[in-house]
Amino acid sequence: MSIEVRGLNKNFGDFVALDDVDVTIPTGQLTALLGPSGGGKSTLLRIIAGLEKADTGSVSIEGVEATHLPAQKRNVGFVFQHYAVFKHMTVAKNVAFGLEIRKRPKDEIEHRVRELLELVHLSQFAHRLPSQLSGGQRQRMALARALAVEPSVLLLDEPFGALDAKVRKELRDWLRRLHDDVHVTTVFVTHDQEEALEVADEIVVINEGRVEQVGTPDQLYDEPANDFVMSFLGEVTHLGGLALRPHDIELESSPSLAGSVEGTISRLVRIGFEVRLTVLTVDGEEVSVVVTRAHARAQRLEEGRTVWLTPAPGAAVVPRMAAAV
Amino acid sequence: MADTLVPEIVDAPPAEERRRPPRVRKTPVTYLMRFVVTAYLFFLVAWPVSLVATNTFANGFDSIRSLVEDPDMVVALQLSAYVAVWSVVINTLFGVGISLLLVRHEFPGKRLLNALLDIPLSVSPIVVGLALVLVYGGRNGWFGPFLLDAGFQVIFSTPGIIMATTFVALPLMIREIVPVLEEIGTEQEQAAESLGASGLQRFWRITLPSIKWGITYGVVLTLARSLGEFGAVKVVSGNVLGQTRTATLAVEEKYLNFDQQGAYATAFLLAMVSVACIVVVAIIRPKNHP
Amino acid sequence: MIWFSALVLIPLMAVVVTAVEGGWDVFWATITNGQTSAAIRLTVLTALGVTAVNVVMGPLIAWVLVRDRFWGKSVLEVMIDIPFALPTIVAGLVLLSLYGNDSPVGVDIANERPAVFLAFLFVTLPFVVRMVQPVLEELDRDVEEAAASLGASRITTFRRIILPSLAPAIAAGAALSFARGVSEYGSLVLLSGNLPFKTEVTSVRILSSIENDNVPAAAAVATVLLAISLAVIVLLDLIQRRVAARG
């Protein structure tokens, strides 16, 4: 196992950033730390990198006890949200930095820098200053810089957070493909569940300083451990004391299924190919339901109609938590 | 190969940040203000300063020549330069140190230190001189007799002049570096750390290059201020001809001895240096702040 | 820290200690001595007057430098800094050459009170301008346009929108220029003649006490100046804090 985190605690004053966190991150995989802002995921990443000190707990990287190792000795690659480019150095110099610190021979450095710039598609910008690059290019440069030292793990802190939506999506695909090529153990922090589901092999969901669930994107989506994970990974509605996805509710115009709940359509909105309904049940619950447009047309759904709702067979369902709405 | 791996990423480099050109609505008020400001500066600064030049060269280059042929004057100019260089060196070293301390560390009394750093700018140079005499004065200062016994005379000697000059120019370097340090933040240093750079390497390779322009301005300003210090130096130097008389003291001395040509010539030299300093700053500054 | 203490703090403490060693009565007697109090009054009043002029002229100059565009503006920029960089003794000489007894325009104010005023005006020129200028540059023009679109006249816009944003910078610049005025020495040496009860300023008074070996008296007057500097610094700190709080 590549990164082992045991019993990690971290407070900033009164604020509990990490609360007894245990995480194991597998070698060679792309792992996402997913959670809402302020949930502690960046703090965890920075502690793994050695940029922050934990109050208690231990970190080991590739079997090496690293808890008290300074960042400079951990051999991790770190990519910052705002790139942290060395503004006074050219792109090539930025990438060469870690190798120069390690006093590698000149021609080796040159060779490696050329190789990496090719990998991140910045060869033609080698002698420019970072200020002449776009945000996406800067982040790719930062990635090359982190990869140059052949780190045992690559850590990315909201790497695409500062980029606009289109570039973010492209870089996300690109990171996935890059990882398939390079296979370095990679951990990235994100608050965007779509990004995590799309890119990661494994996702660690973190909220309020605690690990809520660890699993593959499919596991998390299909078998959420609790209400929080479920609601964070997608839309959620409640039906008869259960939390489930709006598209996992079957809607009939007659009470043909056992245990179905009667209700009236109070609102109907068509958005592209899907139709979103709000159904007011006889128990006074407001339930969101998503059906396909064809389905809605076939059943002639309209506001004011009475319908019967049932959870679809095999739907991901968790009991509704008392506190959660 | 790589081309198939990575699609063309559509993400253009940032266009040069375009500032909207100032829309100048030329009303009579605009011209009136322009005229008032220009006239004010002309009478207060431009004309008087230019008169020093004309007075200096009223007899051609004679006055400058007699200046550099006067051995006492040469000593005074050398002393001024020597003191200024020392003041720049000391203020640069400690200025960088204190700035790092102020920006990167939290400690009790930080706010107080930050406020006190401005004292040298707002306190009278005479008070500065007096303060140094009281502590380092050879006869009855707090530390003076002790230092004198150790064979180290501060007041009425060059170290005292250097101290006084360093004192008055102290905030200039710090006030230039602190904002730069605040702006660059710590991310670059952290990135260097994660790439394996030690503390010293981070300072030399990352921090120092980032603040080099701040330091440059600081050096220029400190130099100008140090060369020109008069009041504090007058108190601590003893003003001994050919020994502890700096160029600024010489200006006063010459003028009071009715050597107006000499006074103007010396003043002209000093003014040239300080004007050169601010012109240098004015020229290099925009490059760093696009 | 040790270096800062040795160079700045301990010497300044020495001044205060020396001043109060003789006791409060002696201290009070020294600074209320006729010649001394005249010097202090002249210094403070002139510095106040000069600051008032700077509060008007400073923002005006800054405005022209930021908003207007004309040939030779960069020369004006450099001119603002000259009083700061010029050795004070040279500044005195410079003013003397135009407004002294050889004046080409026939204005001879050497050894008169206006000379003190003029010298202060010269050395304090950059402070308000340099404080206001960056703020004015940062000022969001959209806000002015918004005000205009809401029907405000240019004067109203200036008074209600621009002036309040500039106020902290003007205040800070004014405080600095007051402090600088009060502590000025070099430029007055040649220009004002240092006549007791007439053109003698506080700094000169301290120096003559030092030269007469009356160190306690010098320290007492110096303490007054030091107190003024400290007050200004505290004021600046408060202004900065208020601006920071405003965001």
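**Entry 1. Chain contacts**

I began with the pairs of chains: two pairs are in contact, and of these chains B and C share the most contacts. I note here that the model is a predicted one.

I then looked up the pair that remains apart. Chain A and chain C are joined by no contact, and their closest C-alpha atoms lie 22 Å apart.

**Entry 2. Chain C against chain B**

I counted 61 residues of chain C in contact with 59 residues of chain B. Which helix of chain C gives the most to this side? I found that helix H11 of chain C, residues 215–246, does so, with 10 residues. Sorting the side of chain C that touches chain B by class, I obtained 47 nonpolar, seven polar and seven charged residues.

I also recorded the make-up of chain C as a whole. Chain C has 11 helices and zero strands. Read from the N terminus on, its elements therefore need no strand symbol and run α-α-α-α-α-α-α-α-α-α-α. I noted that the C-alpha trace of chain C spans about 65 × 50 × 35 Å along its principal axes.

**Entry 3. Chain A against chain B**

Here I found 30 residues of chain A in contact with 24 residues of chain B. I looked up which elements of chain A take part: strand S6 (76–79), H2, H4 and helix H5 (165–182) each supply at least two residues of the side that touches chain B. H5(A) gives the most to that side, with four residues. By class, I recorded 14 nonpolar, 10 polar and six charged residues on the side of chain A that touches chain B.

**Entry 4. Helices H2 and H4 of chain A**

I next examined how H2(A), residues 91–101, meets H4(A), residues 135–148. Their axes come within 7 Å and cross at roughly 25°. Because of that angle, I describe H2(A) as roughly parallel to H4(A). The crossing of H2(A) and H4(A) is right-handed.

Which residues make the contact? On H2(A) I listed Val91(A), Asn94(A), Val95(A), Phe97(A), Gly98(A) and Leu99(A). On H4(A) I listed Met141(A), Ala144(A), Arg145(A) and Ala148(A). I divided the residues of this contact into seven nonpolar, two polar and one charged.

**Entry 5. The four-stranded sheet of chain A**

I traced an open sheet of four strands in chain A, with the order S2-S1-S4-S5 and antiparallel pairing. Strands S2(A), residues 15–25, and S5(A), residues 64–65, stand at the edges with a single partner strand each, so one side of each has no neighbour in the sheet.

I took the pairs in turn. S1(A) and S2(A) pair in the antiparallel sense over seven bridges, and Leu8(A) stands opposite Val21(A) in S2(A). I noted that S1(A) and S2(A) form a hairpin with two residues between them. In the turn of this hairpin, Gly13(A) has a positive phi of about 60°.

At the other edge, two bridges join S4(A), residues 56–61, to S5(A), and the two strands run antiparallel. I found Val64(A) in S5(A) to be the bridge partner of Ile61(A).

I then asked which strands helix H1(A), residues 41–49, lies across. They are S1(A), residues 3–12, S2(A) and S4(A), and H1(A) runs at about 120° to S1(A).

**Entry 6. Strands S3, S9 and S10 of chain A**

I turned to S3(A), residues 30–34, which is joined to S9(A), residues 202–207, by four bridges; these strands run parallel. I recorded Ala32(A) as standing opposite Ile203(A) in S9(A).

S9(A) also pairs with S10(A), residues 210–215, in the antiparallel sense over five bridges. Here I noted that Asn207(A) stands opposite Arg210(A) in S10(A). The two strands S9(A) and S10(A) form a hairpin with two residues between them. I looked up the turn and found that Glu208(A) has a positive phi of about 45°.

**Entry 7. Domains of chain A**

I closed with the domain assignment of chain A, which gives domain 1 as 3–228 and domain 2 as 236–319. I recorded a distance of 41 Å between the C-alpha centres of domain 1 and domain 2 of chain A.

Definitions and conventions
Residues are numbered from 1 along each chain as its sequence is written. Chains are lettered from A and ligands numbered from 1 in the order in which they are written. This is a predicted model: local features need pLDDT of at least 70, side-chain atom pairs count only at pLDDT 80 or more; totals for chains, interfaces and linings use all residues. Axes are lines fitted to C-alpha atoms, for helices over the stretch in contact, and angles run from 0 to 180 degrees between N-to-C directions. Angles under 35 degrees count as roughly parallel, over 145 as roughly antiparallel, 65 to 115 as roughly perpendicular and the rest as oblique. A crossing is left-handed if the near helix is turned anticlockwise from the far one by less than a right angle, and right-handed if clockwise. Two residues are in contact if their C-beta atoms, placed from the backbone, lie within 7 Å. Ala, Val, Leu, Ile, Met, Phe, Trp, Tyr, Cys and Pro count as nonpolar, Asp, Glu, Lys and Arg as charged, and the others, Gly among them, as polar. Two strands pair if DSSP finds at least two bridges between them. Domain bounds come from an automatic or database domain assignment.
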